[in-house]
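Here are some friendly notes to read alongside the structure. Keep the viewer open and find each element as it comes up.

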Amino acid sequence: MGQYVTEIKRGGAVAVDDTIQVKGCETRAGSRILEGFRPLFSAEAVERLERAGYGIAGKSAVGEFGLDLLGEFAHGGANLDASGALRGAAAELVAAGGVKGALCVDLNGTPRRAAALSGVDFLKPTYGTVSRYGVIPCACSGEQIGVTAKAAGEVWELLRVIAGHDPKDGTSLPTETYSYNDGKAVAGMRVGLVRELSAAASDAVQARVTDCAGRLRGLGATVDEISLPLSDAARTAWNLLLCAETCNNVSRYDGVKFGYRSPDYRNIDELYVNSRTEGLNFLTKAVILYGSDVLSKGRYFTCYDKALKVRRLVWEQVKALFKDYDALLCPACAETAYRPYDIKDAFKTVFAESLFTAIPNLTGLPAMVSGGVQFFADTLQEGTLLNLAEALEGGSAK
Amino acid sequence: MMTPEGLSALEQLNEMRLTEDERAATLSIFRDMEAHEAALGAIPTDDVEVMVHVMPLTNILRDDVQEQPFTRESLLEGAPEHTDDSWQVPRLVK
């Protein structure tokens, strides 16, 4: 457990990703550029947990700003299991029973991927239902705090605590509390198996999705294969927006007000350049450079603006599916295990994998991973996702 | 198409420096993304409005009340270098 927890604040039940601020507790977002940064305030989600009597067990390691697949390029090093495969820190902590659950930021699917590989649950709620106040920001229009836990009942318990309107977050929806009890029963539910996403996964993952579909039918649900033709466009659009927004958000790290400062500089320009060059890893630099390019004068309308328009088309396409289906079923990632790889390949690797995860980030829809597969539901239909997961887990914890 | 000169300009704009290996890898990323951008560009969107936020959000402004949530000392504590009352940076004017 020690390798996953950067700092134990006190004995407790819930881990918090290192991209989420805990007052006085070093928060590095997996990056050297934030070395030594101790926030003056906690994230709203953390405060809500503490007010409800939960203890914060510590910070779970993440890749730099949560941009990589599974935390493999965290400044402190990757998390590997005994076989040498990459694992998400929070998901492994939860799987090992070290904590009741974990709060994780879903920026580009990392906690969903990690949950699928570690055999635990993760729910990314509808955008705007959990405050992002106190999250180290990257792609503000689609990133969202969610909950990792061993079973749907525990996800439900923690999510109810952290969700609800927060006036400190300008993107917070007005509803004060959410019960998540209004989901449909699985018997009679209609589930769409997304052909494009399932076909892009490995045989082993496809088999897992097929098995899940069979079990759902056994529980009385109808499962139809459906098409989501804009899946690939959704991935490109989300990655364009993510890079553009990250470029802006990460521009604040300059070695002056907090975090890492290079010891090697003779003037203010060298202080900025050397601090950022030494403090950020190559993946973050590539994301910033690409994001900066798509925001430039000659490319803004063909790239950034285009991605915002495609976001609407994807939203409409998915919303149309939810007129006929209660949930969509697909893989959370392409493989059942990932090995360490060169950081120079990280941008392309993460882009490829985000095919499975981009739609909920782009459209704000809730998504849940359980039993190694992923479900999407319509806006604010987290109850449906929890009911699906609970039924597949054979429990009734709510 | 992104050129080495264009990439150097982006590095300068973003206050960072790449190694030669990293430049080659970054140019390869830009080349890869061109194909995806072209596919996105082929989707007809002439009559489509941009969607900045997916949820219906309106700007709600709070009252403009003066407050001081943090002390100057606490804000300076996290700085790599500071004097008694300011962040410290190299001399800007000779």
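1. Let's begin with a helix, keeping in mind that this is a predicted model. In H3(A), the buried residues are A:Thr110, A:Pro111, A:Arg112, A:Arg113, A:Ala114, A:Ala115, A:Ala116, A:Leu117 and A:Ser118. That is nine of the nine residues of this helix, which spans residues 110-118 of chain A, so H3(A) is largely enclosed by the rest of the structure. Just after H3(A) comes A:Gly119, with a positive phi near 75°.

2. Now compare helix H4 of chain A, residues 152-162. Its buried residues are A:Ala152, A:Val155, A:Trp156, A:Leu158, A:Leu159 and A:Ile162. A glycine with a positive phi follows here too: A:Gly164 comes after H4(A), and its phi is near 130°.

3. Next, the sheet. Chain A has an open sheet of ten strands, in the order E2-E1-E3-E5-E4-E9-E10-E8-E6-E7, and the pairing is mixed. Its edge strands are E2 and E7 (222-226) of chain A, each of which pairs on one side only. From one strand to the next, the twist averages 25°. As background, strands of a sheet pair through backbone hydrogen bonds, either parallel or antiparallel.

4. Zoom in on the E2 end of the sheet. Strand E1 (residues 14-17) of chain A runs parallel to E2(A), and four bridges join them. Two pairs are easy to look up: A:Val16 has A:Lys59 of E2(A) as its bridge partner, and A:Asp17 stands opposite A:Ser60 in E2(A). Between these strands, helix H1 (residues 44-51) of chain A completes the picture: E1(A), H1(A) and E2(A) make a right-handed β-α-β unit.

5. Is the edge strand E2(A) buried or exposed? Five of the five residues of E2(A), residues 56-60, are buried, so this strand is largely enclosed by the rest of the structure. Pairing on one side only therefore goes together here with a buried strand.

6. Two residues deserve a look at their backbone. A:Ala29 has a positive phi of about 50° although it is not a glycine, and A:Ala29 lies in the loop between E1 and H1 of chain A. B:Glu15 also has a positive phi of about 50° without being a glycine, and B:Glu15 is found in the loop between H1 and H2 of chain B. Their surroundings can be counted: A:Ala29 has 30 other C-beta atoms within 10 Å and is buried, whereas B:Glu15 has 19 and is partly exposed. The cut-off for a buried residue is 20 or more.

7. Which residues touch the most other members of the largest nonpolar core? They are A:Ala237, A:Ala327 and A:Leu329, in a core of 149 residues. Helix H7 (residues 231-249) of chain A gives the largest share of this core, ten residues. Leaving aside residues up to four places away in sequence, A:Ala237 touches A:Ala307, A:Val310, A:Arg311, A:Val314, A:Leu362 and B:Leu40. In general, nonpolar side chains tend to be buried together in soluble globular proteins.

8. B:Leu40 in that list leads us to the place where the chains meet. Here 42 residues of chain B are in contact with 51 residues of chain A. On the chain B side, helices H1 (4-13) and H2 (20-41) each supply at least two residues, and H2(B) provides the largest share, twelve residues. By type, the residues on this side divide into 27 nonpolar, eight polar and seven charged.

Technical notes. Residues are numbered from 1 along each chain as its sequence is written. Chains are lettered from A and ligands numbered from 1 in the order in which they are written. This is a predicted model: local features need pLDDT of at least 70, side-chain atom pairs count only at pLDDT 80 or more; totals for chains, interfaces and linings use all residues. A nonpolar core is a set of buried Ala, Val, Leu, Ile, Met, Phe, Trp, Tyr and Cys residues joined through C-beta atoms within 7 Å. A residue is buried if 20 or more other C-beta atoms lie within 10 Å of its own, exposed if 12 or fewer, and partly exposed in between; C-beta atoms are placed from the backbone. Two residues are in contact if their C-beta atoms, placed from the backbone, lie within 7 Å. Ala, Val, Leu, Ile, Met, Phe, Trp, Tyr, Cys and Pro count as nonpolar, Asp, Glu, Lys and Arg as charged, and the others, Gly among them, as polar. Two strands pair if DSSP finds at least two bridges between them. A crossover is right-handed if, with the strands pointing away from the viewer, the path from the first strand over the helix to the second runs clockwise. Axes are lines fitted to C-alpha atoms, for helices over the stretch in contact, and angles run from 0 to 180 degrees between N-to-C directions.
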